[in-house]
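Me: Please take a close look at one part of this model, the surroundings of the bound molecule, and then place that part within the whole. A single connected account would be most useful.

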Amino acid sequence: MKFIVIEKEHRPHVALIRLNRPKELNALNLELMRELKQGLQELDKDEGTRAIVIAGNERAFAAGADIKQMAGKNSVDMLKIDQFSTWDQIRKTKKPIIAAVSGFALGGGCELSMLCDMIIASETAKFGQPEIKIGVMPGAGGTQRLTKALGKAKAMELVLTGDFLSAHEAEKHGLVNKVVPVEFYLDEALTLAQKISAMSPLAVALAKEAVNRSFETFLDEGLHFERKNFYLLFNSEDQKEGMEAFIEKRPPKFTGK
Ligand code: CAA
């Protein structure tokens, strides 16, 4: 892998993916996104991994899709390349993904953080959809996910002006889970991932799927979907172990079976 680095040594059952194009502020070119998709697919299959953190560096999570790679393209080129099809694959990741955001999370970078399940931000984080300033608009989910997170008025303002949202504003509007000083943001994200990785991986995967379904469906269908996943878990050993451990007043030992 050239543009991402996968590290597994930080916490048990937690994998960290670092975006690694620092000179270009981690601009998301096609190759980086392909590697990210592949890395996530491998980690999704890896039995030793239960939660994933995606981080950039202190200056930038990612400053958007690679403008230099897109600048000369026309609509037919863009349709043929279909660069966002890799994003559909990333969206299918079953394990929980936490974005650890410091510095710029702009355009595709903001969209990538919102594609993750949770966001831990450093106080220096800046979120925004500045595509309007370069004559286009968000293309990887920004108009949908930002609107769902912030509500129509604020999302419309950001998408139409390209203004940035500070970490504390993002927290106030519910876009991020927590804001911490820059020296702690990665540690905080890894700690959250570790906490989740102590749970039953089956229950985590089905619960993630059900929460995400609430964005994609009407309440009735969402409730039905949630209930089906809940009942399904009662065929797992982890459900038996988790409930027995509670009754026996001891910590559970989850195996993913
Ligand atoms: N694409 C390609 N290169 C980028 C980039 C991007 N999105 N963002 C930054 N870079 C490059 C810069 O060109 C520069 O390269 P050189 O040193 O070779 O000139 C390098 O990264 C450092 O950037 P700056 O010198 O601009 O750093 P700065 O601190 O002065 O400014 C910034 C930082 C405000 C983030 C500025 O770089 C910027 O505005 N970047 C573009 C942000 C943007 O418009 N993102 C949306 C892209 S479109 C998109 O994402 C579509 C979608 O929906 C998926």
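**The ligand and its surroundings**

Reply: The ligand has 24 residues around it, of which R59, A65, G108, E111 and G139 come nearest. The model is a predicted one, and the distances that follow are to be read accordingly.

Three backbone approaches may be described individually. G139, already named among the nearest residues, places a backbone N or O atom 2.8 Å from an oxygen atom of the ligand. K23 likewise directs a backbone N or O atom towards a ligand oxygen, at 3.4 Å. At A63 the partner is a nitrogen atom of the ligand, which lies 3.0 Å from a backbone N or O atom of that residue. Taken on its own, the ligand has 980 Å² of accessible area, and the protein covers 66% of it.

The setting is a protein divided into domain 1, residues 4–197, and domain 2, residues 201–248. K23, A63 and G139 fall within the bounds of domain 1. The C-alpha centres of the two domains are 26 Å apart; their contact draws on 10 residues of domain 1 and 7 residues of domain 2.

About 640 Å² is buried between domain 1 and domain 2, with carbon and sulfur atoms giving 57% of this area. Across the interface, 4 residue pairs are in polar contact. On the side of domain 1 that touches domain 2, the residues comprise 6 charged, 3 nonpolar and 1 polar.

Between the two domains there are 2 salt bridges. K208, which lies in domain 2, forms a salt bridge with D117 of domain 1. This pair qualifies because its closest N and O atoms are 2.8 Å apart, and the limit for a salt bridge is 4 Å.

Conventions. Residues numbered from 1 in each chain as written. Predicted model: local features only at pLDDT ≥ 70, side-chain atom pairs only at ≥ 80, totals over all residues. Heavy atoms only, no water. Domains from an automatic or database assignment. Contact = heavy atoms within 4.5 Å. Buried area = accessible area lost by both parts, 1.4 Å probe. Salt bridge = Lys/Arg side-chain N within 4 Å of Asp/Glu carboxyl O. Polar contact = N/O pair within 3.5 Å; in protein donor to acceptor, adjacent residues only side chain to side chain. Nonpolar A, V, L, I, M, F, W, Y, C, P; charged D, E, K, R; others polar. Near = heavy atom within 4 Å. Areas by Shrake-Rupley, 256 points an atom, 1.4 Å probe, with all protein chains shown as cover.
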